[in-house]
Structure formats: structure tokens, C-alpha cells
Amino acid sequence: MTQSSTPARLLRIGSRGSPLALIQARQARSALAKATGLAPEQIEISIIRTSGDKIQDRPNEASLADAGGKGLFTKEIEEALLSGAIDFAVHSSKDIPAVLPTGLTLAAFLPREDPRDALVSHKAKTLRDLPRNARLGTSSPRRQALLMRARPDLRIVPLRGNVETRLRKIEASEMDAAVLAVAGLKRLGLFSAIATALEVDEFLPAAGQGAIAIETRATDESAQAHAAAIDDADTHTALAVERAFLAALGGSCRTPIAGHARIDGDTVTFRGLLAKTDGSETIEVSRQGRRADAAALGSDAGHEIKARAGAGFFVED
């Protein structure tokens, strides 16, 4: 009797189906294979189409809030995880709502890629060099707010779709520039498209930007043990701060919120920001503390900035 040469599939990863999502899922698979001793072929990647992928008639993240907000890009994958159809969910951390569904946990994060935003343009190397009233594409209220703060004359153009789609729109001269995540461009091998990377001190990233998250069932000890073996401690700590900040603010897709933590040994340094969508007003907060207090530090920063802003500052869901 001839035995099959195809290894049995022993672990299952759920992922969105975009080119970037699949690159991230393959990174997670490679790390899991190395940690477990399994062949990569024994770890299946299951493509799951999310509500956010299906909804194409909303121009930006703010309008997506009407249909469910950030969870639109994780909901179906998390349902598959809860049902036992998959063992791991792989997400872009910035797509994950601040509060997870009951029964799920973020078990690991891969080493963080460059968290900065990037200006992509054939007409200018920097934001300052863009022509007056330039058309700049973004789907993010945070990016819009920070852009308008720096350049109130810019005309913001709604821009959705995967990274390749967005780059094609720039090539077709539908806009003068766009702002995308450096991490996504690097993972796709498109780093050369970047005119300039926007430094964190001037253009604060979204919470979780550049980090790949591994989600498991809270009761699946085996999956959690596998995930723990590939967890990057510094990224996990940084995300604990940033996600606690979001949770304290009740962050949605509508209100521009930014937050980024740096880890240096046992020291955690965090900056957070809340803004009006037109960039006319921003409120910033900073914290420094010990690694062991990461979540408390982020939560405290979030509660402070929320109190300073007052209820009227937030865009209603």
C-alpha cells in the first residue's frame, strides 16, 4: 500500500485573503513551524472573507463604523476560531478592536515591523513639498487629522482597497499622494514606492501599527503554548500599553486616535494623541514606566486624555 507523500495538516491558521494578509499569515506559519518542528505544509492557512472585505461602498474607516467598525476585519475569522474551525487567527494588530470577544485571547505578537507611516508620491519627497491644495488619499481619520494639522490646505480624498489598489490610483494620477503604512509596503516588497517615512515624533502611528497578532481560544492551552514560543516580548509589552490606551478611550473608527509605545529594557515610554478630524485641535499625553506596569500605564494615559477632552470631543458612533 502506497503512503501519501503529503504531510497531514495538524494546525490551522485563519487569515484574510489580501496579498498583505497572506504574507503575514505565512510569516506566522513559518515561525510556528520552526517552533513546533512541523513542516510548513502541516500548518494550513484558511482564507476567510470578512465583512470589511465585502463592504466596498464605504469611502473610509469612519463610514465603516456605521456597519460595525474595526471588528469588520476580524469578525468572521474570530467566529471560525470560536467554532474550532481554525486554531490561530492572524491579524494586523491595528485592525483588532480594543475589546475581544469572550473566549478569545491575543496569545502572541511577531517582532514589530517599522511602525511609521509613509508618504507615497511622484510629485514630492515630503509633505512640505506637496503643491498647494494637493489631493492626498487616505481612508484613516487619524491620518487625515495629522495631515490637516500639518497642511490645512490639503484636499483629502477617500482611499480604500488593498495596498496594490491604492498604489495604482496614485500611478493613474487620481491623486497627488497617499499615506500608507511602511510595514505593509515593506512586507509586500514595495519599499521603493515610499517618498519619505513620516517620523513617529511628528506623525504618531495608530495603536498596533506594524505588529502581527496571533489570536487563540482562551481555553486552548496547546495553541497558546505554540503561540508563546514565537511571541516577541517587547512587541507584546508595547501592544499591552497601546491596546489599554484604546480601551480606556473606547476607540472607534470615527475618532482620530494615535498611540505608540517604545520599549528599552525595563522602561516603557508611551505617547498618545486624540484629534479633531480636521486637525484643528489635538490633545496629547505621555507616560513612562516599568514593563510590568505596561497595561496600567496605557489605561491611565487613556483615562487622562479622555477627561481632558470631554464628551464633546469624540465623534459619536
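Which residue stands opposite Ser121 in E8? The exercises below work outward from this point through a predicted model.

**Exercise 1. Place strand E8 among its pairing partners, beginning with the residue opposite Ser121.**

Step 1. The residue in E8 that stands opposite Ser121 is Ala177. Strand E5 (residues 117–121) is joined to E8 by five bridges, and the two strands run antiparallel.

Step 2. Ala177 in E8 is also the bridge partner of Leu136, and E6 and E8 pair in the parallel sense over two bridges.

Step 3. These pairings belong to an open sheet of five strands in the order E7-E6-E8-E5-E9, in which the pairing is mixed. Its edge strands are E7 (155–157) and E9 (196–198), each of which pairs on one side only, and neighbouring strands of this sheet are turned by 30° against each other on average, direction ignored.

Step 4. At the E9 edge, three bridges join E5 to E9 in an antiparallel arrangement, and the partner of Asp117 in E9 is Leu198.

**Exercise 2. Decide whether strand E8 is buried or exposed, and describe what covers the sheet.**

Step 1. The cut-off to apply is a relative accessible area under 20%, below which a residue counts as buried. Five of the five residues of E8 are buried, so the strand is largely enclosed by the rest of the structure.

Step 2. The burial concerns both faces of E8, with Ala177, Val179 and Ala181 on one side and Ala178 and Leu180 on the other.

Step 3. Two helices that lie across E8 can then be described: H6 lies across E5 and E8 and runs at about 160° to E8, while H5 lies across E5, E6, E7 and E8 and runs at about 130° to E8.

**Exercise 3. Characterise the surroundings of Asp176, which is found in the loop between helix H6 (163–171) and strand E8 (177–181).**

Step 1. Asp176 has a relative accessible area of 12%, and is therefore buried.

Step 2. When neighbours within four places in sequence are left aside, Asp176 is in contact with Ser121, His122, Lys123, Leu130, Ala134 and Arg135.

Step 3. For Arg135, a polar atom of the Asp176 side chain lies 2.7 Å from the backbone nitrogen of Arg135.

**Exercise 4. Describe the sheet that contains E11, E12 and E13, together with the helices that lie across its strands.**

Step 1. The three strands form an open sheet in the order E11-E12-E13, with antiparallel pairing. Strand E11 (257–264) and strand E13 (282–290) are the edge strands, each pairing on one side only, and neighbouring strands of this sheet are turned by 10° against each other on average, direction ignored.

Step 2. Eight bridges join E11 to strand E12 (residues 267–275), and Gly272 in E12 is the bridge partner of Gly259.

Step 3. Helix H5 (residues 141–150) lies across E11, E12 and E13, running at about 80° to E12. Since H5 was already met lying across E5, E6, E7 and E8, this helix links the present exercise with Exercise 2. Helix H10 (residues 294–309), in turn, lies across E12 and E13 and runs at about 155° to E13.

**Exercise 5. State where the charged end of Lys276 sits, and how many aromatic pairs a search of the whole structure finds.**

Step 1. The charged end of Lys276 sits over the ring of Phe313, at 4.6 Å from the centre of that ring.

Step 2. A search of the whole structure for aromatic pairs finds one.

Notes
Residues are numbered from 1 along each chain as its sequence is written. This is a predicted model: local features need pLDDT of at least 70, side-chain atom pairs count only at pLDDT 80 or more; totals for chains, interfaces and linings use all residues. Side-chain values use heavy atoms; hydrogens and water are left out. Rings of Phe, Tyr and Trp (its six-membered ring) pair if their centres lie within 6.5 Å; planes under 30 degrees apart count as stacked, over 60 as edge-to-face and the rest as tilted. A charge sits over a ring if NZ of Lys or CZ of Arg is within 6 Å of the ring centre and within 35 degrees of the ring normal. Two strands pair if DSSP finds at least two bridges between them. Helices (H or I, at least four residues) and strands (E, at least two) are DSSP runs, numbered from the N terminus. Axes are lines fitted to C-alpha atoms, for helices over the stretch in contact, and angles run from 0 to 180 degrees between N-to-C directions. Contact means heavy atoms within 4.5 Å. Buried means under 20% relative accessible area, exposed over 50%, partly exposed in between (1.4 Å probe, protein chains only). A polar contact is a pair of N or O atoms within 3.5 Å; within protein, one must be able to donate a hydrogen and the other to accept it, and residues adjacent in sequence count only if both atoms are side-chain atoms.
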